[in-house]
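Please open the structure in your viewer and keep the selection box at hand. This tour goes from stop to stop, saying each time what to select and what is to be found there.

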Amino acid sequence: MLAGDGRGGRQVSKPLRLAVVGHTNTGKTSLLRTLARESDFGEVRDEAGTTRHVEGLSLLAGGEAVIELYDTPGMEDAIALLDFIDGLVAAGERIDGRERTERFLQQPAAQQRFEQEAKVLRQLLASDAGLYVVDAREPVLAKYRDELSLLAGCARPLLPVLNFVAAPDARVSEWRAALARLNFHALVSFDSVAPAIDGERELFVTLATLLHAHRSGLQALIDERAQAAAFRRAAGQREIAAMLIDLAARRELVGAEGEDDQAATAAAVGQLQAAVRAREQQCVDALLALYRFRPDDVLSAALPLSEGRWQDDLFSVDTLKKFSVRAPSRMAKGAALGVGIDLVAGGLTLGAAAALGAAAGGLWQLIDDYGGRMLARLRGGRELSVDETVLRVLGLRQLSLLAALERRGHAALTPIALAVIEQAQAELASDWRERELPAEISRARAHPEWARGEDEGGRGQAIEALCRSFGQDSSF
């Protein structure tokens with residue numbers, strides 16, 4: 001029965017109780033983890049029979065439970081159980097599927113040989129409907145038809161959910177055809193490891209169509225989750241924009257006049273490089289927390305991220321090439337000489353190795369390429385700031401990570417792979433790599449106080465404007 005919520009809002013009903021059922025190791029717990037955005041729910045391993053008991057969780061909208069999901073053990077021996085139940089029916093006796101199921105549950109075998117299957121059937125009987133989770137990578141075998149026959153005996157609506165459909169060996173068309181032959185024409189594809197952007201919405205919309213009495217609550221859940229997704233995306237972009245503004249505004253003093261040029265420059269460059277890495281790591285941590293992932297969700301020896309930290313040297317030409325950022329010809333020349341060219345002094349690029357090598361007399365020609373102004377600035381005690389090429393890489397890596405997190409399910413057991421990051425950053429518009437950086441970056445150069453978080457001069461406005469440029473230049 002529907003009832004008002006007392007606040008003039010939508011009418012609410014009892015939560016939709018869904019039993020998540022299926023064969024062992026089809027990803028039932030994985031599905032619940034991704035829907036709940038909770039990486040620690042239940043236990044997920046790549047082996048059969050991981051879930052041995054019924055566990056539950058709720059999905060909320062407006063602070064109220066809309067769906068109650070119950071994770072059940074995997075069905076291990078449907079063929080034998082179906083034969084056993086058939087043997088409980090006397091010759092000529094005509095009873096329906098539910099009565100057959102209830103008769104079985106009264107047998108000692110329901111506590112012994114078929115204990116796991118009995119837990120599944122009891123939960124489905126106590127629920128409004130069931131989600132039958134299928135590992136779409138598996139071939140269509142007779143045991144699955146027997147499982148569906150047993151579950152149909154509970155007289156509850158069943159919605160098949162094809163899991164792991166993003167896998168290259170998924171047999172989606174085979175499963176769709178087989179389920180249609182069994183009169184399951186309504187089904188959804190939902191990959192719990194790499195869910196489609198609209199996959200969750202499709203699942204809830206299909207449930208609302210099958211279970212009309214719960215349509216209002218499901219629509220509220222759809223709307224709230226869409227708003228939450230938009231908030232996460234905007235908040236993630238804001239974190240990235242704040243990082244870029246802070247680093248564009250950052251200044252590091254080279255020693256005062258009279259100090260040793262080599263030692264002062266080396267110390268200032270090292271300090272600025274450390275600050276850049278620390279600020280980027282802060283952004284990485286914020287994005288992971290925003291999407292409720294753990295630091296080890298980005299662990300990979302081949303990735304720029306290792307144990308939650310960017311492994312590649314941010315200040316290397318190889319890193320620039322990985323993100324398709326065009327390095328100036330002078331940078332390539334420096335790389336050939338083993339020189340790390342990474343930061344700017346007075347708006348001109350000069351790395352620590354270049355400065356020290358020049359002072360030692362080994363790379364005067366390279367310094368000549370940058371003009372005599374640079375040495376004059378360094379000798380006079382000037383400032384170092386982050387080069388725009390480095391800012392481009394920072395922006396691309398963080399936008400790439402954000403795009404990868406958007407497409408990652410909380411059931412994923414393996415860290416974000418390099419291919420995922422590269423695919424995500426490939427979707428970003430090339431303008432961000434090649435055109436002039438947004439005007440807000442140039443504005444930040446004139447406001448070193450922004451690097452300290454001070455808003456004098458409009459730091460917040462610059463961050464918001466930079467966010468809008470991401471919206472134009474990326475797939476978000």
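The stops below begin with the whole chain and then turn to a sheet, a helix, a loop residue, a pocket, two cores and a cavity.

**The whole chain**

Before selecting anything, keep in mind that this is a predicted model. If you colour the protein by secondary structure, the view comes to 19 helices and twelve strands. Of its 476 residues, 51% count as buried, and among contacts between residues at least 6 apart in sequence, 72% join residues at least 24 apart.

**The six-stranded sheet**

Select β1 to β6 next, and you will have an open sheet of six strands with mixed pairing, whose order is β2-β3-β1-β4-β5-β6. Its edge strands are β2 and β6, each of which pairs on one side only.

Now narrow the selection to β3, residues 64-71, where six of the eight residues are buried, so that the strand is mostly covered. Add β1, residues 16-22, which runs parallel to β3 and is joined to it by five bridges. Within this pair, L18 has L69 of β3 as its bridge partner, while A19 stands opposite Y70.

Then add β2, residues 55-61, which runs antiparallel to β3 and is joined to it by seven bridges. Here A61 stands opposite E64 in β3. The hairpin of β2 and β3 has two residues between the strands, and G62 takes a positive phi near 65 degrees there.

**Helix α1**

Is helix α1 largely enclosed by the rest of the structure, or not, and why? Select residues 28-36 to look into this: nine of the nine residues of α1 are buried, so the helix is largely enclosed by the rest of the structure. The buried residues are K28, T29, S30, L31, L32, R33, T34, L35 and A36, and what covers them includes the strands β1, β2, β3 and β4 together with the helices α7 and α8. Move one step on from the helix to R37, which comes just after α1 and takes a positive phi of about 50 degrees.

**A residue in a loop**

Select S192, which you will find in the loop between β6 and α7. Is S192 buried or exposed? With a relative accessible area of 0%, S192 is buried, because that value is under the 20% used as the cut-off. If residues up to four places away in sequence are not counted, S192 touches S30, L31, T34, N163, F164, G409, H410 and A411.

**The second largest pocket**

For the next stop, select R37 again along with I197, E200, A229 and R232, which lie nearest the centre of the second largest pocket among the 22 residues of its lining. Three elements, α7 (199-210), α8 (215-249) and α15 (388-406), give two or more residues to this lining, and the largest share, six residues, comes from α8. The pocket has a volume of about 490 Å³, and by class its lining has eleven nonpolar, two polar and nine charged residues.

**Two nonpolar cores**

In soluble globular proteins, nonpolar side chains tend to be buried together. To follow this idea here, select I240, L244, L391, L394 and L405, which have the most contacts inside the largest nonpolar core, a set of 42 residues. The elements that give two or more residues to this core are α8, α9 (261-290), β12 (383-386), α15, α18 (439-445) and α19 (459-473). Centre the view on I240, and you can pick out the residues that it touches, leaving aside those up to four places away in sequence: C283, L287, Q398, L399, L402 and F470. Apart from this core lies another, of 32 residues, which you can find by selecting M75, L105, F114 and C154 among its members.

**The largest cavity**

How many cavities of 30 Å³ or more does the structure hold? There are four of them, and the largest cavity has a volume of about 40 Å³. To see what lines the largest cavity, select V140, L141, Y144, R145, L148, W175, A178, L179 and L182. Two helices, α5 (142-152) and α6 (172-181), give two or more residues to the lining, which by class has eight nonpolar residues, no polar residues and one charged residue.

Methods:
Residues are numbered from 1 along each chain as its sequence is written. This is a predicted model: local features need pLDDT of at least 70, side-chain atom pairs count only at pLDDT 80 or more; totals for chains, interfaces and linings use all residues. Side-chain values use heavy atoms; hydrogens and water are left out. Buried means under 20% relative accessible area, exposed over 50%, partly exposed in between (1.4 Å probe, protein chains only). Helices (H or I, at least four residues) and strands (E, at least two) are DSSP runs, numbered from the N terminus. Two strands pair if DSSP finds at least two bridges between them. On a 1 Å grid over the protein atoms alone, a cavity is a set of points where a 1.4 Å probe fits but cannot get out, and a pocket is an open set with protein on both sides within 12 Å along at least five of seven lines; lining residues have an atom within 4 Å of a point. Grid points are joined across faces, edges and corners, and a volume is the space filled by probe spheres set on the points. Ala, Val, Leu, Ile, Met, Phe, Trp, Tyr, Cys and Pro count as nonpolar, Asp, Glu, Lys and Arg as charged, and the others, Gly among them, as polar. Contact means heavy atoms within 4.5 Å. A nonpolar core is a set of buried Ala, Val, Leu, Ile, Met, Phe, Trp, Tyr and Cys residues joined through side-chain atoms within 4.5 Å.
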